[in-house]
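Got your viewer open? Let's take a walk through this model, one selection at a time.

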Amino acid sequence: MVKLSRLAISGMLAIVLFLLNEPTHAEDFSVEGNVISLPEQFLNGSEKQNTSSVIPLTNESITLEGLVDQAELYYEIPVQAIKKESKLNVKVQYSELLLKGSTVTIYIDDEPVFTTALDLKKRAMDIEIPLTGDAVEQGFHKVTVSFYGHLSEQMCADLDNPANWLTILPESYLFLNFQEALDRENTLYDYPYPFIQKNQENEIQSKIVVPDNPSAANLSAALQLADSLLEQTNGKAAQLIVKESELNVVSDHLIIVGAEGQWTGLIKHIYETANLSLPSKEIVLSTYYVKSNKAMKQVLFVTATDDQIIADKVRMLTEKQLSDQLAGNELSIAQVPSIPKQKLNSKQTFKDIGITDQTLTGKQSISQSYFYEIPPYIQSNEQAMLHLNLKVSKTLFNDEQYTAETVEDAELVLFINELPYSIAINDLDKQNESFYEVEVPIESHLLQQERFLTIQFQANGLREDAFCTPANEDKWIFIHEDSYLQLGIQHHQSEASFKAWPSPFSSVGGLDETVIVLPRELDQQLINQLSLLTQSLGRGGKINELEILFDNNLNEDSLTSKNVIIFGGVIDHPYLKDFYDDLLIKVDDNYSLDASAFHFVNETSKNIAWVQPSIWNKKNVMVVFSPMHDKQTVPFLTENLLEYVQANVLDANIVVESQNGEVFSHVIKDVDVVDSDSSNGIIQSDQTKIERWIVIGFIIIVVVSTGIFACFFRNRKAKTKRNS
């Protein structure tokens with residue numbers, strides 16, 4: 001009886017402890033309007049949602065020199081709801097030799113808004129300007145800082161005296177004061193704010209939440225959404241997508257992606273409390289706020305009655321042409337407009353790659369540096385051509401018709417990856433009254449050595465050398481944004497290698513010719529690595545039409561008609577067992593991969609990636625990302641390995657990351673994809689050709705040797721007969 005009593009008491013204590021630790025029930029969640037109140041333990045943060053933002057104007061010091069000089073800076077207003085207390089703060093430092101009369105003038109969108117004399121009792125100043133009207137309209141704005149430096153009381157001083165300078169400091173910033181979040185009535189219009197906040201130290205301010213057992217369609221939608229957000233920031237995909245069970249506390253803004261009935265934890269309570277109305281065959285985009293006494297975060301539901309509806313219509317958030325049309329706080333969308341597929345385009349205009357109209361003058365003779373990521377589908381062994389559309393002032397021509405003075409021969413210098421290309425203005429056709437067209441060849445080695453082209457413009461000879469003539473804008477060179485870069489296009493990749501990665505798996509048209517195959521067991525670590533992969537695939541274009549298959553639900557039509565990415569341990573894909581003999585890297589008796597035949601040490605190798613003809617259709621390409629050893633717990637796709645694949649321009653077929661983080665590669669010349677004109681599907685390798693010639697050569701040697709021996713024997717026999 002004593003034992004039974006003790007057992008009863010122990011059981012009751014266990015029940016009490018269980019009840020004390022039981023997660024909060026749904027009744028502890030409440031909703032009013034679009035605000036969901038949460039128990040405090042589920043919402044992290046010491047303050048309510050931020051109602052202000054500090055955005056740096058520049059990441060580096062900018063020095064203005066000479067009598068007159070200026071610099072251009074840019075800022076973005078991410079939302080419509082900006083309050084009056086917003087301001088621009090420009091911090092400057094200047095020469096101690098400047099005299100009274102030295103000034104700074106600030107322009108916003110080419111309109112003068114503030115002028116001040118420099119305080120000569122100090123070496124630095126804070127210039128604070130309230131922002132109102134058009135300056136706080138949603139979108140991008142230009143700030144021009146113009147410096148006039150007075151250095152001497154003499155009538156005409158040395159205009160190029162190096163002591164005449166002013167520096168714009170990187171501590172300069174833009175302060176934006178937002179309306180209270182709950183007062184905003186057009187939150188979808190502001191998307192992707194606040195989920196990403198550009199120019200912040202951490203631009204990614206959100207998490208994308210998926211169910212613990214996401215379907216292929218659900219995972220595809222979340223990855224497309226993540227790629228779209230990351231494309232607009234300098235962030236990385238470390239852990240942007242999280243499974244519901246990983247989210248015990250809300251500490252970021254949330255994008256909840258998934259159909260009804262799939263949630264089991266915290267998101268289930270939030271989802272059910274929102275009580276969303278889900279019309280059949282429509283995607284629902286709905287904004288809510290989760291709130292406690294301590295903090296508040298914004299939540300965007302991306303949901304429907306079925307995951308496939310979400311995957312088919314997530315383009316409303318990933319295509320800018322569509323997301324720009326969002327409005328209100330909630331939308332149910334039945335028909336998503338079709339956007340024409342982007343095509344491979346050998347012609348990239350300056351406007352397309354972010355270079356706007358450029359005007360170089362005596363005041364501002366050099367542009368900022370622009371960066372263009374070279375697409376992976378170009379012919380890097382061909383010369384590229386830059387086509388410039390220029391206009392220049394007539395005063396630049398050394399011709400009495402335009403000027404009676406002798407002027408320095410003007411030139412436009414184009415810097416491409418810091419290599420100068422000079423264009424003499426006097427060599428242009430002066431009779432042409434429209435734009436001058438100039439072609440600048442770009443050597444192929446620049447396309448092969450770097451993933452980026454750096455482009456900068458500088459004008460020489462725009463300042464008068466005449467006595468007592470300050471810099472002005474009478475002489476100018478204008479470069480139109482319709483100028484373009486002409487690149488060769490690689491329409492077909494004949495070799496299975498990483499040279500053109502992510503081609504052929506990704507192109508500007510998306511991933512419509514690629515399928516990714518995943519193991520059925522999908523943990524958080526695998527999702528993190530998959531995010532890294534799709535972010536890399538997005539370098540070639542968008543990842544829309546991303547098709548994902550789990551190994552227990554394969555689509556043979558997709559596997560035979562598309563390029564294939566096998567993601568995860570080879571042993572974790574049971575269906576591959578029948579294809580072990582067809583894999584470039586073999587599986588040993590311990591269920592580890594054996595790369596020793598290609599000069600890699602198995603025992604010190606950790607991760608591997610290789611490219612080969614697809615085992616389902618040798619006309620297509622297959623890539624495998626896998627750990628080297630079975631039951632390996634560390635990530636098999638690391639940023640280190642992926643950066644090597646992206647940066648390496650060699651024809652590597654196999655890439656291995658060692659246990660100490662070093663990355664090695666191997667080139668196999670005979671791993672060619674069968675030409676699309678071939679009908680028998682047999683790989684013709686260089687090694688096969690060599691072996692054939694060896695056999696033919698051996699036969700020839702045998703035949704010739706036999707003939708020589710026969711002749712020798714016949715002659716010797718005839719000689720013996722004559723002697724006898």
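Which residues does Asn 460 touch, not counting residues up to four places away in sequence? Select Asn 460 and look around: the residues it touches are Asp 409, Ala 410, Glu 411 and Val 413, where contact means heavy atoms within 4.5 Å. Before moving on, know that this is a predicted model, in which local features need pLDDT of at least 70, side-chain atom pairs count only at pLDDT 80 or more, and totals for chains, interfaces and linings use all residues. Residues are numbered from 1 along each chain as its sequence is written, and side-chain values use heavy atoms, with hydrogens and water left out.

**Stop 1: Asn 460**

Stay on Asn 460, which lies in strand E26 (residues 452-460). Helices (H or I, at least four residues) and strands (E, at least two) are DSSP runs, numbered from the N terminus. Now pick the C-alpha atoms of Asn 460 and Glu 411: they are separated by 5.4 Å, although the two residues are 49 apart along the chain. Asn 460 counts as partly exposed because its relative accessibility is 22%; the scale is buried under 20% relative accessible area, exposed over 50%, and partly exposed in between (1.4 Å probe, protein chains only).

**Stop 2: the nonpolar cores**

Next, select Ile 208, Ile 255, Leu 285, Leu 533, Phe 567 and Phe 625, the residues with the most contacts inside the largest nonpolar core, which has 69 residues. Such a core is a set of buried Ala, Val, Leu, Ile, Met, Phe, Trp, Tyr and Cys residues joined through side-chain atoms within 4.5 Å. Helix H2 (residues 216-231) gives the largest share of this core, 10 residues. There is also a second, separate core of 40 residues, and Leu 388, Leu 412, Phe 457 and Leu 485 are among its members.

Zoom in on Leu 285. Leaving aside neighbours within four places in sequence, its contacts include Leu 188, Phe 301, Met 316 and Ile 333.

**Stop 3: a cavity**

How many cavities of 30 Å³ or more does the structure hold? Two. A cavity here is a set of points, on a 1 Å grid over the protein atoms alone, where a 1.4 Å probe fits but cannot get out, and its lining residues have an atom within 4 Å of a point. The largest cavity has about 70 Å³ of space; that volume is the space filled by probe spheres set on the points.

To see its lining, select Gln 224, Asp 227, Ser 228, Glu 231, Thr 318, Glu 319, Lys 542, Ile 543 and Asn 544. Helix H2 shows up again here, providing the largest share of the lining, four residues.

**Stop 4: helix H3**

Select helix H3 (residues 266-274). This helix is mostly covered, with seven of its nine residues buried. Those seven are Leu 266, Ile 267, His 269, Ile 270, Tyr 271, Thr 273 and Ala 274. Among the strands they pack against are E13 (206-210), E15 (253-257) and E16 (283-291). Right after H3 comes Asn 275, with a positive phi near 55 degrees.

**Stop 5: two strands**

In a regular strand the side chains alternate between the two faces of the sheet. Try strand E3 (residues 52-56): Ser 53 and Ile 55 point to one face and are buried, while Ser 52, Val 54 and Pro 56 point to the other and are not. Show strand E12 (residues 173-177) too, and you'll find it antiparallel to E3, with five bridges between them. Ser 53 sits opposite Leu 176 in E12. Two strands pair if DSSP finds at least two bridges between them.

Now jump to strand E34 (residues 605-613). Nine of its nine residues are buried, so E34 is largely enclosed by the rest of the structure. It pairs antiparallel with strand E36 (residues 654-658) over five bridges, and Ser 605 stands opposite Ser 658 there. Strand E35 (residues 621-627) also runs antiparallel to E34, joined by seven bridges. Across that pairing, Asn 607 has Pro 627 as its bridge partner.

**Stop 6: backbone oddities**

Finish in the loops. Tyr 191 and Pro 192 are joined by a cis peptide bond, with omega about 15 degrees; Pro 192 is in the loop between E12 and E13. Another cis peptide bond joins Ser 503 and Pro 504, with omega about 5 degrees.

Last pick: His 599, in the loop between E33 and E34. Its phi is positive, near 75 degrees, in a residue other than glycine. Is His 599 buried or exposed? Exposed, because its relative accessible area is 67%.

Key. On a 1 Å grid over the protein atoms alone, a cavity is a set of points where a 1.4 Å probe fits but cannot get out, and a pocket is an open set with protein on both sides within 12 Å along at least five of seven lines; lining residues have an atom within 4 Å of a point.
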